[in-house]
Amino acid sequence: MRGIEAGNNLLLGVTGGIAAYKSIELARLFRRKGVEVRVVMTEAATRFVGPMSFQAVTGEAVRVRLFDEAHEAAMGHIELARWADHLLVAPASADFLARMAHGFGDDLLSTLCLATSAPVSVAPAMNVNMWEHPATRANMSLLADRGVRVLGPASGDLACGDTGAGRMLEAAEIVSLLMYPRKTGLFAGEKVIVTAGPTREAVDPVRFISNRSSGKMGFALAEAFAEQGAEVLLVSGPVNLDTPAGVRRLDVQSALEMHRAVFDNIRNADIFAGCAAVADYRPENPSDRKLKKNDDQMALSLVKNPDILAEVAALENGPFTLGFAAETQELAENARGKLAAKGVDMIAANLVGENLGFDTEQNALLVLWSDGEQRLPKQPKKGLARALLEIVAEQYQT
Ligand code: PMT
């Protein structure tokens with residue numbers, strides 16, 4: 001998604017929530033970066049902050065109502081939608097995100113979300129249970145599928161007294177995620193695809209073959225790339241994790257779906273990082289009915305899945321490829337074998353097994369490339385991902 005540059009027009013939507021006060025600072029920071037800012041508030045937002053505060057910071061009248069004759073005469077709402085180079089909703093409440101996901105246009109801000117053809121970003125802010133509610137999860141995945149960029153939320157102490165995910169990102173963080181081109185970071189402006197999590201291979205409508213991958217390592221990697229200025233597409237198998245700030249996410253189930261999602265986007269990628277635990281095999285003939293337990297034994301015929309990483313590495317003028325290797329023994333030897341067999345630029349190998357690698361908070365890696373290697377000691381996956389990217393950056397640049 002295109003970011004925001006000095007001279008662009010930013011439409012800042014503010015919805016009802018205690019975090020609305022942070023958006024005054026947000027408007028001020030964007031103004032300081034040379035961005036034109038106009039603010040549209042929902043009625044609920046005006047209960048938390050007065051429109052005058054935004055007017056003082058932006059020098060522009062703040063709009064709240066859809067059919068406000070004075071404002072419509074100066075600039076109609078469709079004109080306002082066209083004026084925007086970017087629409088950012090911050091804070092975005094659970095209610096507003098639900099209305100956005102379902103295409104409502106019953107107030108000025110939701111109408112603008114429908115009417116604009118500019119890129120749209122949202123910075124959610126709400127109570128942790130509201131954020132984790134299946135309805136909000138479904139709404140977020142609808143919005144992400146439509147290309148809406150989701151910034152945060154952060155985890156921590158919430159205004160309601162609970163602790164967890166739901167806090168709006170700080171204004172400076174949002175500005176640095178959206179301002180483009182990002183001048184800082186090891187991968188500023190690079191396009192990166194990361195795969196994460198397990199795949200599920202259907203046996204019948206209620207059963208599948210899968211593995212213990214939680215997605216944590218791949219999500220940490222996607223987050224670390226985004227922190228370093230990359231434009232990240234995260235292709236994720238079924239996991240229970242929030243999308244990292246500044247990352248676009250596509251959810252898939254099976255290896256074939258992951259393969260399709262990767263190859264639909266690979267032509268634009270500069271770097272491909274395959275962290276997903278892709279099932280090597282899938283049932284040959286998944287049943288469309290639940291299988292009955294008629295016999296004492298049952299044989300399942302499996303066929304090989306495409307090797308996504310190896311196919312990406314084999315592309316002519318393809319991206320830099322970082323693969324992972326999950327091994328239970330002879331880590332270095334097996335991983336070097338995969339480096340050569342799959343033809344990748346770099347392999348990050350981890351020992352897996354009980355309490356190792358899969359579904360753990362910490363991990364250790366042995367990173368290998370054609371003429372070198374480096375060990376990264378056991379540490380939380382986020383820190384490990386950051387350390388891994390320093391090595392990737394060196395090899396990528398050479
Ligand atoms: O998700 P977590 O719980 O945080 O756990 C992290 C992890 C252990 C899953 C991760 O660190 C890891 O090792 N991921 C790769 C797991 C794996 O499938 O390893 P592999 O050795 O079987 O595959 C080698 C490489 O080929 C991997 O990059 C894999 O994504 C890729 N592959 C494998 C099979 C296939 N059909 N297509 C592929 O692209």
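## A tour from the ligand outwards

Start by selecting the ligand: you'll find it in the second largest pocket. Keep in mind as you click around that this is a predicted model.

Now bring up the elements around that pocket. Those that contribute two or more residues to the ligand's shell are α10 (216-227), α12 (308-313), β16 (320-327) and α13 (331-342). Colour β16 separately, since with 4 residues this strand gives the most to the shell.

Next, show everything surrounding the ligand. That selection holds 29 residues, and the closest are S213, G274, K338, N350 and D359. How does the shell divide into nonpolar, polar and charged residues? You get 14 nonpolar, 8 polar and 7 charged.

Zoom in on the ligand's oxygen atoms. Select S213 and look for a polar side-chain atom 2.6 Å from one of the ligand's oxygens. Its sequence neighbour on your list, S214, also puts a polar side-chain atom 2.6 Å from a ligand oxygen. For L309, show the backbone: here an N or O atom of the main chain is 2.8 Å from an oxygen atom of the ligand. If you switch on a surface, bear in mind that the protein covers 96% of the 770 Å² of accessible area the ligand has on its own.

While D359 is still on screen, check its backbone. Phi is near 50°, a positive value in a residue that isn't glycine. You'll find D359 in the loop between β17 (346-351) and β18 (362-369). Then hop to E330, in the loop between β16 and α13. E330 has a positive phi too, near 45°, and again the residue is not a glycine. Most residues other than glycine have a negative phi, and most peptide bonds are trans.

On to the sheet. Select β1 to β5: these 5 strands make an open sheet, ordered β2-β1-β3-β4-β5, with parallel pairing. β2 (36-41) and β5 (149-150) are the edge strands with a single partner each, so one side of each has no neighbour in the sheet.

Pick out β3 (residues 86-92) and β4 (residues 120-124), which run parallel and are joined by 4 bridges. To see a bridge pair, select L88 and its partner in β4, S121.

Stay in β3 for P91. The peptide bond leading into P91 from A90 is cis, with omega near -5°. One more stop: select G152 and P153, which are also joined by a cis peptide bond, with omega about 5°. P153 sits in the loop between β5 and β6 (154-157).

Key
Residues are numbered from 1 along each chain as its sequence is written. This is a predicted model: local features need pLDDT of at least 70, side-chain atom pairs count only at pLDDT 80 or more; totals for chains, interfaces and linings use all residues. Side-chain values use heavy atoms; hydrogens and water are left out. A residue is near a molecule or strand if one of its heavy atoms lies within 4 Å of it. A polar contact is a pair of N or O atoms within 3.5 Å; within protein, one must be able to donate a hydrogen and the other to accept it, and residues adjacent in sequence count only if both atoms are side-chain atoms. Accessible areas come from the Shrake-Rupley method with a 1.4 Å probe; for residues, only the protein chains shown count as cover. On a 1 Å grid over the protein atoms alone, a cavity is a set of points where a 1.4 Å probe fits but cannot get out, and a pocket is an open set with protein on both sides within 12 Å along at least five of seven lines; lining residues have an atom within 4 Å of a point. A molecule sits in a cavity or pocket if more than half of its atoms lie within 2 Å of its grid points. Ala, Val, Leu, Ile, Met, Phe, Trp, Tyr, Cys and Pro count as nonpolar, Asp, Glu, Lys and Arg as charged, and the others, Gly among them, as polar. Two strands pair if DSSP finds at least two bridges between them.
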